[in-house]
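Please read these points with the sequence and the model side by side, taking the strands before the cysteines.

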Amino acid sequence: MKNEHIISVPVPEEFRFMVNVSYLARSTNECLFEIKDDKVRKAISFGNEVFLIEVSENHDGSLLVRFIGARPTNESMLNEVIHYVQDWFDLDTDLKPFYAMAEKDLLLEQSVKAFYGLRILGIPDLFEALCWGILGQQINLTYAYTLKRRLVEAFGTSIEREGNRYWIFPPPEDIAKLTVEDLSVLKMTVKKCEYLIGVAQLMAEGSLSKELLRNSGDFKAAEKMLVKIRGIGPWTANYVLMRCLRFPNAFPIADVGLHNAIKQVLGTDRKPTIEEILELSAPWTDWEAYATFYLWRILY
DNA sequence: TGCCAGGTAAACA
DNA sequence: TGTTTACATGGC
């Protein structure tokens, strides 16, 4: 392995670091990474190891990953970290076909122009993705961030570096042990408490994992597996398949943010119906996830 | 102030 | 199978 603190990670042509940082910076209440001077810091854990990485832009547009404090002591661990960053920023997806389609699309043309180089920022940790989806159900995003912060600060772990605290999302094993009362003091609905604990138990016992979803067969099978779980409906399932499993055709069609974005782009006085969205999204085949993400972006 | 919020399960027809 | 309602709290 390279005996350095800094590693350069190549990026595809259709990538703009700052557009992605702008997305990451959408909430000042984010608790799982920190943005300062156009650099993103995040604590990540692999097994027993915890690293604090700082991702920034190289002069040639590629990514620089710097370790603050401990760094991987072997090559396979280092590769895991690099892979994590590639997954987080979705560096492996070729956006050319998406842009070719979107440039001619009534709903997408302006957002792909305005946010060229934006990738779907991932939530690689399945449990975190599921919790974030559940927390975000039927409440405004600002409050969802507050609930996530309370959950993380109550049950997560943290490391301290250079005077700052960096939090790591709690593992399912820890949430699986909690009672509804433990969670409801955070001011989420009793149902959400039950959903989070239920999902945590499934993951802790091994009957739900990223691998199982990936190996379920195809998108529909993975969606079916998720929707069977109490608290996970079509919206949450597709949200997670989009942000964590990275299915390009994941499509949270019932999403109210998507509806508002479409309303805004079309300049209509009402939100579109599901039937109207199905028509408007017909050209998006196998790019529904990216189309949704770009439309969300115009709202912030 | 009242409506809305990155929905879902359960009840009901 | 399709429609309605409770959930619950905060943001704006």
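1. In the hairpin formed by β4 and β5, five residues lie between the two strands, and Gly61 adopts a positive phi near 90°. Please bear in mind, here and in the points that follow, that this is a predicted model.

2. The two strands of this hairpin run antiparallel, with six bridges joining β4, which covers residues 49–57, to β5. To find one place where the pairing can be followed residue by residue, look at Ile53, whose bridge partner in β5 is Phe67.

3. Strand β5, made up of residues 63–68, is also joined to strand β1, residues 6–9, by four bridges, and this pair runs antiparallel. Here Val9 has Leu63 of β5 as its bridge partner. When you look along a strand, remember that in a regular strand the side chains alternate between the two faces of the sheet.

4. How many disulfides does the structure hold? There are zero, and for Cys131 the reason lies in distance, because its sulfur is 11 Å from the closest cysteine sulfur, that of Cys244, which is too far for a bond. A pair would have to lie within 2.5 Å to count as a disulfide. Seen from the other side, Cys244 is likewise in no disulfide, its nearest cysteine sulfur being that of Cys131 at 11 Å.

5. Are these two cysteines buried or exposed? Cys131 is buried, with a relative accessible area of 1%, and Cys244, at 3% relative accessibility, counts as buried too.

Notes
Residues are numbered from 1 along each chain as its sequence is written. Chains are lettered from A and ligands numbered from 1 in the order in which they are written. This is a predicted model: local features need pLDDT of at least 70, side-chain atom pairs count only at pLDDT 80 or more; totals for chains, interfaces and linings use all residues. Side-chain values use heavy atoms; hydrogens and water are left out. Buried means under 20% relative accessible area, exposed over 50%, partly exposed in between (1.4 Å probe, protein chains only). Two strands pair if DSSP finds at least two bridges between them.
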